[in-house]
Amino acid sequence: MLQREVAGTTIAVCNEKGTIHAFLGMCPHRNGPLGQGNLVEGCIVCPWHAWEFSVEKGELDYNPGIKLQRYKVVIQGEDVLVEIA
Ligand code: FES
């Protein structure tokens with residue numbers, strides 16, 4: 001997991017089995033820093049209260065109606081580009 005600030009937006013970036021994903025880095029529970037959490041068996045685990053979100057779908061494990069905002073990722077050489085607009 002990585003956390004980056006881009007144009008005032010906090011981004012959580014993770015590498016799940018070689019695929020890079022990017023999400024809004026603020027947990028929908030109480031704005032915990034998802035990019036400072038852990039990636040466990042395909043889930044992002046928030047460091048504050050351990051809510052777990054599927055990387056594949058961005059959904060909270062026990063309430064799929066709560067989803068993370070996902071951003072498009074483009075890999076250019078060694079650079080990871082995240083489209084936040
Ligand atoms: S702020 Fe993320 S689980 Fe509470």
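Two strands count as paired when DSSP finds at least two bridges between them. By that rule, strand 9 and strand 10 are an antiparallel pair, joined over five bridges. Keep in mind as you look around that this is a predicted model. The chain is built from strands: there are 10 of them and zero helices.

**The chain as a whole**

- Walk along the sequence and you get the pattern β-β-β-β-β-β-β-β-β-β.
- The C-alpha atoms fit in a box of roughly 35 × 30 × 20 Å, taken along the principal axes.
- A compact globule of 85 residues would have a radius of gyration near 12 Å, and the chain agrees with that because its own value is 12 Å.
- Buried residues account for 20% of the 85 residues in the chain.
- Take the contacts between residues at least 6 apart in sequence: 36% of them join residues at least 24 apart.

**The five-stranded sheet**

- Five strands make an open sheet in the order 1-2-3-9-10, and the pairing is antiparallel.
- Strand 1 (2-6) and strand 10 (79-83) stand at the edges with a single partner strand each, so each has one side without a neighbour in the sheet.
- On average, neighbouring strands of this sheet are turned by 30 degrees against each other, direction ignored.
- Strand 2 and strand 3 run antiparallel and share six bridges; one place to look is N15, whose bridge partner in strand 3 is I20.
- Strand 3 also pairs with strand 9 (residues 70-76), again in the antiparallel sense, over two bridges. Here A22 sits opposite Y71 of strand 9.
- Between strand 9 and strand 10, you can find V73 standing opposite V82 of strand 10.
- How many of the five residues of strand 10 are buried? The number is zero, so strand 10 lies largely in the open.

**The nonpolar core**

- As a general background point, nonpolar side chains in soluble globular proteins tend to be buried together.
- In this model the largest nonpolar core has 14 residues, and those with the most contacts inside it are A12, F23, L34, I44, W51 and F53.
- Which elements give two or more residues to this core? They are strand 2 (9-16), strand 3 (19-24) and strand 5 (43-45).
- L34 is a handy place to start exploring: leaving out neighbours within four places in sequence, L34 is in contact with A12, F23, G25, C27, I44 and C46.

**A closer look at L24**

- You'll find L24 in strand 3.
- Is L24 buried or partly exposed? L24 has 18 other C-beta atoms within 10 Å, and because being buried takes 20 or more while exposed means 12 or fewer, L24 comes out as partly exposed.
- Setting aside residues up to four places away in sequence, L24 touches L68 and Q69.
- D79 is 55 residues from L24 in sequence, and their C-alpha atoms are 19 Å apart in space.

**Turns and positive phi angles**

- Most residues other than glycine have a negative phi, so positive values in such residues deserve a look.
- K17 is one of these, with a positive phi near 55 degrees in a residue other than glycine. K17 belongs to the loop between strand 2 and strand 3, and the hairpin of those two strands has two residues between them.
- How exposed is K17, or is it buried? K17 is exposed, with 7 other C-beta atoms within 10 Å.- A50 also has a positive phi, of about 65 degrees, although A50 is not a glycine. A50 is found in the loop between strand 5 and strand 6 (52-54).
- Like K17, A50 is exposed, with 12 other C-beta atoms within 10 Å.
- In the hairpin of strand 9 and strand 10, two residues lie between the strands, and G77 takes a positive phi near 60 degrees.

Note on methods
Residues are numbered from 1 along each chain as its sequence is written. This is a predicted model: local features need pLDDT of at least 70, side-chain atom pairs count only at pLDDT 80 or more; totals for chains, interfaces and linings use all residues. A nonpolar core is a set of buried Ala, Val, Leu, Ile, Met, Phe, Trp, Tyr and Cys residues joined through C-beta atoms within 7 Å. Helices (H or I, at least four residues) and strands (E, at least two) are DSSP runs, numbered from the N terminus. Two residues are in contact if their C-beta atoms, placed from the backbone, lie within 7 Å. Axes are lines fitted to C-alpha atoms, for helices over the stretch in contact, and angles run from 0 to 180 degrees between N-to-C directions. The radius of gyration is taken over C-alpha atoms; the globule rule is 2.2 Å times the number of residues to the power 0.38.
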